[in-house]
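Here are some notes to help you find your way around this structure. Keep the viewer open and follow the points in order.

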Amino acid sequence: MTAEKIAQILGRVRKENPLVHNITNVVVTNFTANGLLALGASPVMAYAHEEVADMAKIAGALVLNIGTLNRETVKAMIIAGKSANDHRIPVVFDPVGVGSTLFRTEMAREILSKVKVSIIRGNAGEIANLIGENWAMKGVDTGNGSGNTRKLAQLAAQRLNTIIALTGEEDVVTDGHEIHIIRNGHPLLTKVTGTGCLLTSVLGAFAAVEKNHLLASVSGIAVYGVAAEIAAAKAGHEGPGSFQYEFLNQLSKITEKQIIQYSSTENTTVIE
Amino acid sequence: MTAEKIAQILGRVRKENPLVHNITNVVVTNFTANGLLALGASPVMAYAHEEVADMAKIAGALVLNIGTLNRETVKAMIIAGKSANDHRIPVVFDPVGVGSTLFRTEMAREILSKVKVSIIRGNAGEIANLIGENWAMKGVDTGNGSGNTRKLAQLAAQRLNTIIALTGEEDVVTDGHEIHIIRNGHPLLTKVTGTGCLLTSVLGAFAAVEKNHLLASVSGIAVYGVAAEIAAAKAGHEGPGSFQYEFLNQLSKITEKQIIQYSSTENTTVIE
Amino acid sequence: MTAEKIAQILGRVRKENPLVHNITNVVVTNFTANGLLALGASPVMAYAHEEVADMAKIAGALVLNIGTLNRETVKAMIIAGKSANDHRIPVVFDPVGVGSTLFRTEMAREILSKVKVSIIRGNAGEIANLIGENWAMKGVDTGNGSGNTRKLAQLAAQRLNTIIALTGEEDVVTDGHEIHIIRNGHPLLTKVTGTGCLLTSVLGAFAAVEKNHLLASVSGIAVYGVAAEIAAAKAGHEGPGSFQYEFLNQLSKITEKQIIQYSSTENTTVIE
């Protein structure tokens with residue numbers, strides 16, 4: 001995938017400012033909304049069972065995040081997800097902390113059994129858990145394992161029949177066939193809560209404007225990573241507080257030229 | 001309304017630091033609390049049905065915001081609202097996203113049918129929906145229509161028998177008779193989530209110290225807008241992340257002298 | 001307690017990065033998670049009745065905060081608390097706003113009757129209310145009374161059989177026998193929402209790595225206060241917005257050397 005293509009898709013997000021409907025956790029709502037606004041998308045959070053179907057169908061994408069799930073929010077996610085499916089709105093799923101408790105695993109699998117999701121974004125531990133594989137994990141910060149994440153992502157994409165965006169030290173995006181690696185980002189992202197969750201919502205914004213969701217996912221991750229690199233270079237030495245607001249600045253200011261200059265992606269697909 | 005009067009009311013907010021009870025949405029709770037604290041008010045968020053009546057009656061104002069409503073929070077709003085009405089505590093209402101789903105419209109109307117509100121703050125699309133008028137809208141970011149917002153605000157104030165604070169490119173405050181225009185503020189406010197919601201809570205703080213709620217609304221909007229202008233001049237070029245924290249700084253630091261110098265309001269009432 | 005000891009415990013928090021399970025209020029979730037991350041701990045928020053027992057037992061500490069309580073979250077707190085008790089995980093309790101409504105008082109007492117808590121962190125008004133003593137209060141910002149807070153803390157520790165961390169103009173930590181005073185901190189902490197709540201969660205992180213919870217509490221408060229002083233010196237003149245992010249920076253950057261240099265604690269225990 002060319003850097004020009006990625007930059008062009010960012011341009012479309014800013015021009016079309018898609019409405020992204022988030023059913024997400026209580027820790028990251030504010031940061032998610034500010035990140036989407038900074039990027040040029042239009043966030044909405046709506047959870048009531050009585051309105052999520054209506055909201056999902058007018059959105060450009062629906063993002064489901066189980067970070068602080070309960071049965072009521074899961075029910076809302078399924079109602080919204082079915083509505084999105086009916087109206088061909090892409091659904092992006094973030095299985096936060098799945099595997100850290102049995103309840104999360106059950107709920108994540110229930111959502112996946114009832115809603116067709118276009119993209120799943122998670123770390124290695126979360127992705128592994130979704131397909132019943134083992135991976136070292138700790139609380140919701142799962143996934144600092146040492147396995148082959150490319151293979152894991154590919155396997156998950158094939159079994160779940162969706163695009164997997166597995167993020168970590170190396171970011172992998174795959175539809176089970178093509179495998180793309182993105183080498184952007186910065187370790188300071190792990191020092192600010194909700195950066196993974198916001199990335200998932202950003203993939204929603206990209207999927208809303210680009211029908212090829214493999215391309216949308218690679219582009220969203222690359223843009224996000226480049227913004228993080230610039231923010232870290234500018235304010236990272238000050239600490240995670242400064243990085244957080246500078247990252248929002250850069251999501252807003254990053255130019256297509258900077259994307260072309262700094263994004264680093266690779267198609268590593270091996271003919272099997 | 002003179003700028004001196006506005007500055008004087010700000011001084012009273014800081015001196016009396018009124019307790020503002022917010023039943024608001026999960027996206028903006030933190031920003032709302034920090035904004036009220038910066039301004040000099042004392043925020044409290046309480047939602048449990050068992051305690052909202054008690055909390056509302058010790059507050060200086062009650063703020064109801066339906067941004068992430070559900071039946072339980074609406075029920076809490078009505079309990080709190082009735083308690084506020086009984087104890088002559090002003091109620092300020094923010095009908096976030098009303099019109100984007102049928103559920104929001106129904107719930108907003110139910111609240112208005114059961115609680116006497118002193119001030120409604122919303123954008124043109126939201127205000128129009130409350131009185132059954134059409135206006136272009138998109139998700140909860142409704143209201144970039146092109147109609148005559150002054151006329152709309154006046155009509156809504158008359159029909160709903162309350163003060164309408166309609167904010168947008170031009171801010172309008174009216175009790176259905178007098179019409180005031182406030183020409184402060186900055187476009188960066190639209191790039192930070194919850195700036196509309198925080199403004200609604202700020203109007204609660206002003207209404208808590210100034211019994212003339214038309215005057216309180218004009219003053220609150222003017223102070224908020226001047227703070228935004230100064231923050232934008234100081235940090236706006238950095239981006240929305242920097243603007244967000246600088247805006248909190250300015251809500252805290254803005255002087256009565258600056259209010260006198262920069263606030264721009266106009267009474268455009270036409271004798272009918 | 002020596003400053004060297006305090007610095008050493010901070011070092012252990014950063015090395016062990018304990019998982020802190022928070023069941024907290026909707027206003028402070030994001031700030032709490034970012035503060036714990038900055039400090040070097042690993043935050044998790046989980047509320048569902050079906051999973052809180054599982055999450056609490058894999059955590060290093062459980063933090064319960066009733067800031068925006070309802071019956072469901074109180075039930076979750078009790079389930080999680082019992083699990084923590086069963087697995088000898090320390091429980092830290094923040095009775096936010098207790099006394100401002102009868103419901104809060106009842107719920108706080110119910111939690112204390114069913115869960116053995118290691119540390120309670122609150123202001124004078126909150127601590128007084130827990131043991132049925134009078135203290136001037138206003139909303140959830142209770143406790144600017146003028147009584148003898150050392151005596152109050154000691155009485156509460158004895159009656160509730162726990163460690164009391166009473167914070168205010170002077171911070172007091174006591175197990176009912178030893179009384180420690182911490183003279184760090186900065187008034188700007190009162191201008192940022194959730195700084196008390198985050199401190200409670202920070203005490204959870206310290207209690208997770210230091211079995212002597214009296215020592216853990218004194219250390220956590222001292223580290224927190226020193227970070228606030230440095231942040232205020234660096235950015236406090238800018239306002240509460242700047243102080244907020246600089247405080248997160250300092251929680252991340254503060255060195256053990258700075259702790260040794262600036263922490264100010266005193267054991268004031270009087271032999272009775």
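1. Let's start where chain A meets chain B: there are 3 salt bridges between them. In one of the pairs, the side chains of Glu51(A) and Arg104(B) come together, with 2.7 Å from N to O. Please keep in mind throughout that this is a predicted model.

2. Beyond charged pairs, chain A and chain B share 13 residue pairs in polar contact, counted where both partners have pLDDT 80 or more. On the side of chain A that touches chain B, the elements giving two or more residues are α2, β2 (42–45), α3 (52–58) and α10 (240–253) of chain A.

3. How many residues does each side bring? Chain A has 29 residues in contact with 30 residues of chain B. Together, chain A and chain B bury about 2,200 Å², with 53% of that area on carbon and sulfur atoms. Three residues deserve a highlight in your viewer: Leu37(A), Glu50(A) and Glu51(A) supply 22% of the area that chain A buries against chain B, more than any other three residues. Glu51(A) is thus worth a second look, as its side chain also takes part in the salt bridge with Arg104(B).

4. Next, have a look at helix α2 of chain A, which runs over residues 29–39. Is this helix enclosed or open? Of its 11 residues, 11 are buried, so α2(A) is largely enclosed by the rest of the structure. Among the buried residues are Thr29(A), Phe31(A), Leu36(A) and Leu39(A), and Leu37(A), named above, is in that list too. Just after the helix, Gly40(A) adopts a positive phi of about 115 degrees.

5. One residue of that helix shows its setting nicely. Asn34(A) sits in α2 of chain A and is buried, its relative accessible area being 4%. Leaving aside residues up to four places away in sequence, Asn34(A) touches Leu248(A) as well as Lys191(B), Val192(B), Thr193(B) and Gln244(B). If you colour by chain, you can see these contacts with chain B directly.

6. How do the chains relate to one another? A turn of 120 degrees, with a shift of 0.0 Å along the axis, lays chain A on chain B with an RMSD of 0.0 Å. The two copies are thus related as by a three-fold rotation axis. Within chain A, the C-alpha nearest that axis belongs to Val26(A), at 3.8 Å. The copies meet through different surfaces, since 3% of the contact residues of chain A recur in chain B.

7. Chain C and chain B can be treated in a similar way. A rotation of 120 degrees with 0.0 Å of shift along its axis superposes chain C on chain B, again with an RMSD of 0.0 Å. In chain C, the C-alpha nearest the axis is that of Val26(C), 3.8 Å away. Here too the copies use different surfaces, with 3% of the contact residues of chain C recurring in chain B.

8. Now for the contact between chain C and chain B itself. It takes 30 residues from chain C and 28 residues from chain B, and the two bury about 2,200 Å² between them, 54% of it on carbon and sulfur atoms. The interface holds 3 salt bridges, one of which joins the side chains of Arg104(C) and Glu51(B) at 2.7 Å, N to O. There are also 13 residue pairs in polar contact, both at pLDDT 80 or more. On the side of chain C that touches chain B, α5 (102–114) and α10 (240–253) of chain C are the elements that give two or more residues. The largest share of that side, 5 residues, comes from α10(C).

9. Finally, turn to an annotated spot in chain A. The unreviewed UniProt entry carries a "binding site" annotation that covers Arg121(A) and Thr167(A). They span 47 residues in sequence, yet no two of their C-alpha atoms are more than 7.3 Å apart, so they gather at one spot.

10. Where does each of the two sit? Arg121(A) is placed in strand β5 (residues 119–122) of chain A and counts as buried at 7% relative accessibility. Thr167(A) lies in the loop between β6 (163–166) and β7 (171–174) of chain A, and is buried with a relative accessible area of 13%. Their side chains make a polar contact at 2.7 Å. Other residues touched by Arg121(A) include Phe93(A), Asp94(A) and Cys197(A), while those touched by Thr167(A) include Asn123(A) and Ile221(A). Leu199(A) is touched by Arg121(A) and also by Thr167(A).

Definitions and conventions. Residues numbered from 1 in each chain as written. Chains lettered and ligands numbered in written order. Predicted model: local features only at pLDDT ≥ 70, side-chain atom pairs only at ≥ 80, totals over all residues. Heavy atoms only, no water. Least-squares fit on C-alpha atoms with pLDDT ≥ 70 in both. Contact = heavy atoms within 4.5 Å. UniProt positions renumbered as here; feature names shortened; annotations may be inferred. Helix = DSSP H or I, 4+ residues; strand = E, 2+ residues; numbered from the N terminus. Buried < 20%, exposed > 50% of the residue type's maximum accessible area, 1.4 Å probe, protein only. Polar contact = N/O pair within 3.5 Å; in protein donor to acceptor, adjacent residues only side chain to side chain. Buried area = accessible area lost by both parts, 1.4 Å probe. Salt bridge = Lys/Arg side-chain N within 4 Å of Asp/Glu carboxyl O.
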